[in-house]
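Work through the exercises below with the sequence and the 3D view at hand. Try each task before reading its solution.

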Amino acid sequence: GEVQAIGFVYGKDEAVKWRPIADKRFIQDGSAVTLWGVEQIRGRLELPKEIILCEGEIDCLSIASAVDIDVMSVPNGAPSSISHKKVDPKEDKKFGYLWLAKDVLSQASKVILVTDKDEAGEALKEEIARRVGRAKCYEVEYPEFANDPNDILRHSGPKVLADIINNA
């Protein structure tokens, strides 16, 4: 049936992820294979030196409402565990979106990883750091009550979320 939903557009004709207002599931038209928000960054004359990567589109919007740092979201959430396989860009389908954004990510000297505070979020942080380069990756420390940026924004407001990100 029909439900009220928000659509997150990926690329020009790549995909639209539809998320119902009432819950966290989503359906998708097309296949999202790029970072959500990368097109806006690529459209600039100068690429940013500081970027935030997060786990979902709602978290991306929460972060964007709190800080003036470019933020992008992974298209397919977090993996259930860390892979111990060798990273080969030609065979790295699950994280292909990072290789497709290499032009943007390689220009950044600081990449702040803002994932959920759970096992999958920790695995995502590790997998991104392996591909982007650990030396330029920073992570945030959540307060006890929060599991993601949206929790912080809803319960404590944009200033607290900005402080957490700025102290990565």
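**Exercise 1. Place K136 and describe its surroundings.**

Step 1: locate it. K136 sits in the loop that runs between α5 (119-132) and β7 (137-139). Helices (H or I, at least four residues) and strands (E, at least two) are DSSP runs, numbered from the N terminus.

A note on the source: this is a predicted model, in which local features need pLDDT of at least 70, side-chain atom pairs count only at pLDDT 80 or more, and totals for chains, interfaces and linings use all residues. Residues are numbered from 1 along each chain as its sequence is written, and side-chain values use heavy atoms, with hydrogens and water left out.

Step 2: check burial and charge. K136 is buried but has no salt bridge. Buried means under 20% relative accessible area, exposed over 50%, and partly exposed in between (1.4 Å probe, protein chains only). A salt bridge needs a side-chain nitrogen of Lys or Arg within 4 Å of a carboxyl oxygen of Asp or Glu. The nearest side chain of opposite charge is D103, 11 Å away. Lys and Arg count as positive, Asp and Glu as negative; His and the chain ends are not counted.

Step 3: list the neighbours. Leaving out residues up to four places away in sequence, K136 touches L105, S106, A108, S109, K110 and V111. Contact means heavy atoms within 4.5 Å.

**Exercise 2. Classify the two aromatic pairs.**

Step 1: apply the rule. Rings of Phe, Tyr and Trp (its six-membered ring) pair if their centres lie within 6.5 Å; planes under 30 degrees apart count as stacked, over 60 as edge-to-face and the rest as tilted. The structure holds two such pairs.

Step 2: take F8 and W36. Their ring centres are 5.3 Å apart and their planes stand at 90 degrees, so this pair is edge-to-face. F8 belongs to strand β1 (residues 5-10) and W36 to the loop between β3 (27-30) and α1 (38-42), so the pair ties together parts 28 residues apart in sequence. Both F8 and W36 are buried.

Step 3: take F95 and Y97. Here the centres are 5.9 Å apart and the planes at 55 degrees, so the pair is tilted. F95 and Y97 are both buried.

**Exercise 3. Find the partners of K17.**

Step 1: look for a ring. The charged end of K17 sits over the ring of F26, 4.3 Å from its centre. The rule asks for NZ of Lys or CZ of Arg within 6 Å of the ring centre and within 35 degrees of the ring normal.

Step 2: look for an acid. K17 and E57 form a salt bridge (3.0 Å, N to O). The pair links strand β2 (residues 15-20), which holds K17, to helix α2, which holds E57, 40 residues apart. K17 and E57 are both buried.

**Exercise 4. Which residues have the most contacts inside the largest nonpolar core?**

Step 1: define it. A nonpolar core is a set of buried Ala, Val, Leu, Ile, Met, Phe, Trp, Tyr and Cys residues joined through side-chain atoms within 4.5 Å.

Step 2: read off the members. The largest core has 23 residues, and I52, I63, V67, I112, V114, V140 and I165 have the most contacts inside it. Elements giving two or more residues are β1, β4 (50-54), α2 (57-64), β6 (110-114) and α7 (158-166). α7 gives the most, with four residues.
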